[in-house]
Amino acid sequence: MNKYRYEEISSEIAHNITEGRLKPGHKLPSVRRLKQQYKAGLTTVQKAYELLMIMGLVESIPKSGYYVALPGKPDKYTQHTVPNQNRVRDELFKNNLRAVTASQDLKQRHRLTEFNVATPDDIFIPQKMILRSMQQVIREKGTQLLRYYPSNGAETLKEHIVKRAALNHAHFDAEGLIITDGALQAFYIALAAVTQPGEAVAVESPCVFSMLQVLTSLKLKIVEIPVLDPNGFDLDFLQETLRTIPIKAIVVSPNFHNPTGLLMSDENKRKLLEIAKEKEIPIIENDVYGDLNFSDHRPGNISAMDDSGLVMTFSSYAKTLASGIRLGWLFTGRFFKEAEQIKFALGSTVAPIYQETMLKILSSSSYDRHLHSFRRKLAGQCYQTIAIISSHFPERTLISTPKGGYSIWLKMDQEMDLTKFYTSCEKIGLRFTPGSTFSYSNAFEQYFRIIFALKYTEQREEVLKQAGIIAARAIS
């Protein structure tokens, strides 16, 4: 049976209310506005509102208008119910995500000391420089910032990235560079360009959860290659693996690996490249921490040693400037055609405001001045953290010694109950990243990562010392 026009109008509004799109107390359009919207008569619209009022979904306030009814006792005429939309979440993913991100509860975040989030403290972010550059860009570019930019990124920005890379002996070219929405998107594009679902990829172990999740999303088989102190990526283990497993890509963070902070030597970088070239295996090189060296020497990239085009390198400015600067880049090597198409499919362009702001920052000496200061502060934070752990944690705690980056990797006594430790730490407002998030095996159950990119206050120093006492109590 066909509905009357007023019933159709009331049904659509009722659906928006019961679905939660129109909230209780929300003011609804006037009768005249609704008349224009639905191209209906005045009487038809009035009857639609009357029906909604009878259903208990809408109430009329004299001289004010129609509003979504506030919650109250169910009306006997109400026939609409909110459909059951229980969202199913993967519990492992949910727990791992919580372990590596800031608390969503602002009140709780204020009381927490979150040593688990790999972002720089606000005090280390060059806020004035970034905001000043952004304001200048807005004044200079105006409405140009509201248009699409080239899918692969602004040419002038890519040229500046290439110039900076050349100082580290990297042989990038602007045409082979793609500007991405952060480092993780660059990693996704690189992987998707050289693999198919079901194929095997060699990944450093431990490996950050976000990268493991990208591998999982692409339905790739993960082959974990140990990262060993002091040499990093275990090349002997990799070669043994290649004898039996057809690896389609190698994922590695040679410069200040997260979470260990280890730096692969130039000799081992060359060895890895030779292994890859012999088997024609692409290398995907993560360099997000490459600029954060504690020594005077900025390490080079594997791509700087490559003449085959097998190496793809990616990075971003989230770790060196601010996490909200959603801009990364990917050097595509010989895989530009595949990567370009994947980038376009993911979204045509990175926000122009970020591209122009980074261009302005890289065009001056501001970025290098900031890096010089930031590296010095991070090194101080690192040594202070190691000193606190050495003095206040149990004797059998093993501590990595980072050469750069943000993180320290700790191995705790085998007898220690880490679940009890994390629970007790959170009670005093302290969070670390459990080692279990860095692998799909149980190899790192007795490990955890601590981020030292938070400036120490008396409170932060004190809670870290208390964590050492808790650790001692958690040993059975």
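The following exercises, each with a worked solution, concern a predicted model.

**Exercise 1.** Work out in which order the strands of the open sheet with 4 strands are arranged, and which strands stand at its edges.

*Solution.* Begin with the order, which is β12-β13-β16-β15, with antiparallel pairing. Next, look at the ends of that order: β12 (398-399) and β15 (433-434) each have a single partner strand, so one side of each is left without a neighbour in the sheet. Then take the pairing at one edge, where 2 bridges join β12 to β13 (residues 407-411), and where I399 stands opposite L410 in β13.

**Exercise 2.** Find which strands helix α14 lies across, and the angle at which this helix runs to β13.

*Solution.* Locate α14 at residues 366-392, and follow it across β12, β13 and β16, the last of which spans 447-451. With β13 as the reference strand, the angle of the helix comes to about 20 degrees.

**Exercise 3.** Trace the chain from β5 to β7, and state in which sense β6 pairs with β5 and in which sense with β7.

*Solution.* The first step is the pair formed by β5 (residues 200-205) and β6 (residues 221-228), which is parallel and held over 6 bridges; within this pair, E204 stands opposite I225 in β6. The second step is the connection, since helix α9 (residues 209-217) belongs with β5 and β6 to a β-α-β unit that is right-handed. The third step leads onward from β6 through a hairpin of 3 residues to β7, and here the two strands, β6 and β7 (residues 232-233), pair in the antiparallel sense over 2 bridges. In that pairing L228 has G232 of β7 opposite.

**Exercise 4.** Decide which residues of helix α2 are buried, which exposed residues lie on the face turned away from them, and why the buried ones can be said to share a side.

*Solution.* In α2 (residues 31-38), the buried residues are V31, L34 and Y38, where buried stands for under 20% relative accessible area. These residues cover an arc of only 65 degrees around the axis, and therefore they lie on the same side of α2. The face turned away from this buried side carries R32, R33 and Q36, which are exposed. To see what covers the buried residues, look for neighbouring elements, which include α1 (5-18), α3 (42-54) and β2 (65-68). Finally, move past the end of the helix, where α2 is followed by K39, a residue with a positive phi near 50 degrees.

Conventions: Residues are numbered from 1 along each chain as its sequence is written. This is a predicted model: local features need pLDDT of at least 70, side-chain atom pairs count only at pLDDT 80 or more; totals for chains, interfaces and linings use all residues. Side-chain values use heavy atoms; hydrogens and water are left out. Two strands pair if DSSP finds at least two bridges between them. Contact means heavy atoms within 4.5 Å. Axes are lines fitted to C-alpha atoms, for helices over the stretch in contact, and angles run from 0 to 180 degrees between N-to-C directions. A crossover is right-handed if, with the strands pointing away from the viewer, the path from the first strand over the helix to the second runs clockwise. Buried means under 20% relative accessible area, exposed over 50%, partly exposed in between (1.4 Å probe, protein chains only). The arc is that of the directions from the helix axis to the C-beta atoms.
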